[in-house]
Amino acid sequence: MRILGISGSLNPASSNTALLQLIARAVAPPDDMTLAAPIDDIPHFSPERDTEPVPPGVSALRAAIGAVDVVVIATPEYAGGMPGSLKNALDWLVGSGDLYGKSVVILSAAPSQERGAGARDWVERTVGMQGARVCDSFTVAVPRGGSDDELPARAEHVLTRLLEVVTTGPCAGVA
């Protein structure tokens with residue numbers, strides 16, 4: 001199974017980005033996971049701009065999504081929703097249909113289990129409107145000031161859950 005991780009954060013030190021990096025390192029053959037280029041190179045979306053040739057950041061994101069079976073989106077929560085930069089990147093995928101029929105897992109690395117639900121809900125609705133199949137959506141608690149061993153352990157758990165939902169769970173046989 002080929003998996004693409006997309007971080008909704010522009011912060012290189014983001015716990016969402018770090019979680020995706022650790023998950024990608026933990027994936028074992030025959031499965032494979034790559035990370036999409038940071039979304040801060042994607043220009044503001046407007047429908048009249050969505051003509052060939054599209055901007056390089058958009059082209060790279062579309063190609064990356066087209067090459068995988070499953071997309072994992074890790075998003076922080078800002079003001080109760082997903083970051084504007086992530087929404088912008090997802091807007092560039094509406095007309096192209098790249099997410100149509102894709103299996104998507106949405107997660108949010110947040111300081112507590114109770115956080116991130118607003119951002120995940122926005123992402124779920126956005127990708128669902130684009131025809132993606134949301135296989136799972138959950139928050140990964142990453143307490144501030146935790147030990148260096150906590151995040152890798154959480155990444156292993158997330159990878160196990162991810163592989164389970166796409167092989168034997170709600171999206172089995174789709175990816």
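Which residue does the side chain of Arg62 meet in a salt bridge with an N to O distance of 3.7 Å? To find out, select Arg62 in this predicted model. The partner is Asp98, and the two side chains form a salt bridge at 3.7 Å, N to O. Arg62 lies in helix α2, whereas Asp98 lies in the loop between α3 (84-91) and β4 (103-110), so the pair ties together parts that are 36 residues apart in sequence.

Keep Arg62 selected and add Asp50. The side chains of these residues, Asp50 and Arg62, also meet in a salt bridge, with an N to O distance of 2.8 Å. This pair links distant parts of the chain, twelve residues apart: Asp50 sits in the loop between β2 (32-35) and α2 (56-66), and Arg62 in helix α2. A surface display adds the setting of each side chain. Arg62 has a relative accessibility of 12% and counts as buried, because the cut-off for that class is under 20%. Asp50, at a relative accessible area of 23%, is partly exposed.

Next, move to helix α3 and select Lys87 and Asp91, which are four residues apart and thus separated by about one helical turn. Lys87 forms a salt bridge with Asp91, and their closest N and O atoms are 2.5 Å apart. Lys87 is partly exposed at 33% relative accessibility, while Asp91, at 18%, counts as buried.

To close the tour, select Asp50, Arg62 and Asp98 together: salt bridges with shared partners join these residues into one network. For the model, the count comes to six salt bridges.

Technical notes. Residues are numbered from 1 along each chain as its sequence is written. This is a predicted model: local features need pLDDT of at least 70, side-chain atom pairs count only at pLDDT 80 or more; totals for chains, interfaces and linings use all residues. Side-chain values use heavy atoms; hydrogens and water are left out. A salt bridge is a side-chain nitrogen of Lys or Arg within 4 Å of a carboxyl oxygen of Asp or Glu. Helices (H or I, at least four residues) and strands (E, at least two) are DSSP runs, numbered from the N terminus. Buried means under 20% relative accessible area, exposed over 50%, partly exposed in between (1.4 Å probe, protein chains only).
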